[in-house]
Amino acid sequence: MSKQYLANVPLKINVKVGGRNTVLVDVLSRRIPLVSDRPTIIFGADVTHPHPGEDSSPSIAAVAASQDWPEITKYAGLVSAQAPRQELIQDLYKTWQDPVRGPVTSGMIKDGVSEGQFYQVLLFELDAIRKIDLNPIQACASLEPNYQPPVTFVVVQKRHHTRLFANNHHDRNAVDRSGNILPDSKMCHPTEFDFYLCSHAGIQGTSRSAHYHVLWDENNFTADALQSLTNNLCYTYAYF
């Protein structure tokens, strides 16, 4: 086996047993916008669907959440099977009656969605984070009475048709080694809170910048602060 392979395996093992392979310098120096100032959980969620024609196979929903504020580098994950082609995560929040313990709450606290589905997803998933079926109080209350943390809800689109190019791809200071735009982009909608971000240099081919849509923001992020936070979080990614 190659040295590169052997060096890569312990990195995966370390993450799976709760370790951290990297920590951001800005995190250690408490310079992450808003997040460094108050206890924060970063949630990520997605739904993977079976190949076309495999209608009997389930879709797989996954949710990850950070556990080590203020460093937001270690994540716990949950995976759940659900109905095929279902974009909304069915088990984000659920309750049932345990014969011994009484009312029990659990669930997974987003998904490859089109722009036409944004507000359907926002209403369903924000409600799942907030609301308890047993009574109409705000619903992180299953964790603590009157607990109502401010939520920022962002949809990330990876499968879109927008491609970004440098004005002068012959200028080696304007592109990466593959000729793609450098890891940053400042193109956004004139009225909506969205932005494209190319956070990593491409190895080959044309890089596809992720498109971020901010659908709900109770933390009052500035555009610069949220873009900086998003870019920083991209560099804590770890393969499982």
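This note goes through one helix, the sheet beneath it, the nonpolar core and the cysteines of a predicted model.

1. **Helix α4.** This helix covers residues 223–234. Its twelve residues should span 16 Å at 1.5 Å a residue. The end C-alpha atoms lie 17 Å apart, which agrees.

2. **What α4 hides.** Buried residues in α4 are A225, L226, Q227, L229, T230, N232, L233 and C234. They pack against α2 (25–28) and against four strands: β3 (75–82), β8 (152–157), β9 (194–197) and β10 (210–217). As background, an α-helix has 3.6 residues a turn, so residues three or four places apart point the same way.

3. **The sheet.** Three strands make an open sheet, ordered β8-β10-β9, with antiparallel pairing. β8 and β9 stand at the edges. Each has a single partner strand, so one side of each is left without a neighbour in the sheet. On average, neighbouring strands here are turned by 25 degrees against each other, direction ignored.

4. **The β9–β10 pairing.** Antiparallel strands β9 and β10 are joined by four bridges. One residue pair to look at is Y196 with its bridge partner H211, in β10. Helix α4 packs on this sheet and touches β8, β9 and β10. The direction of α4 makes about 35 degrees with that of β9.

5. **The nonpolar core.** How many residues does the largest nonpolar core have? It has 17. Those with the most contacts inside it are I72, Y212, L226 and L229. β9, β10 and α4 are the elements that give two or more residues to this core. α4 gives the most, with five residues. In soluble globular proteins, nonpolar side chains tend to be buried together.

6. **Around I72.** Which residues are in contact with I72, leaving aside its neighbours within four places in sequence? They are V27, V35, T40, I42, S66, L233 and T236. Of these contacts, L233 is also among the buried residues of α4.

7. **Cysteines.** The whole structure holds zero disulfides. C198 is in none; its nearest cysteine sulfur, that of C234, is 9.6 Å away. Why is there no bond from C234? Its closest cysteine sulfur, in C198, is 9.6 Å off, which is too far for a bond.

8. **Cysteine exposure.** Are C198 and C234 buried or exposed? C198 counts as buried because its relative accessibility is 4%. C234 has 17% relative accessibility, so C234 also counts as buried. The cut-off for buried is under 20%.

Technical notes:
Residues are numbered from 1 along each chain as its sequence is written. This is a predicted model: local features need pLDDT of at least 70, side-chain atom pairs count only at pLDDT 80 or more; totals for chains, interfaces and linings use all residues. Side-chain values use heavy atoms; hydrogens and water are left out. The expected span of a helix is 1.5 Å times one less than its number of residues. Buried means under 20% relative accessible area, exposed over 50%, partly exposed in between (1.4 Å probe, protein chains only). Contact means heavy atoms within 4.5 Å. Two strands pair if DSSP finds at least two bridges between them. Axes are lines fitted to C-alpha atoms, for helices over the stretch in contact, and angles run from 0 to 180 degrees between N-to-C directions. A nonpolar core is a set of buried Ala, Val, Leu, Ile, Met, Phe, Trp, Tyr and Cys residues joined through side-chain atoms within 4.5 Å. A disulfide is a pair of cysteine sulfur atoms within 2.5 Å.
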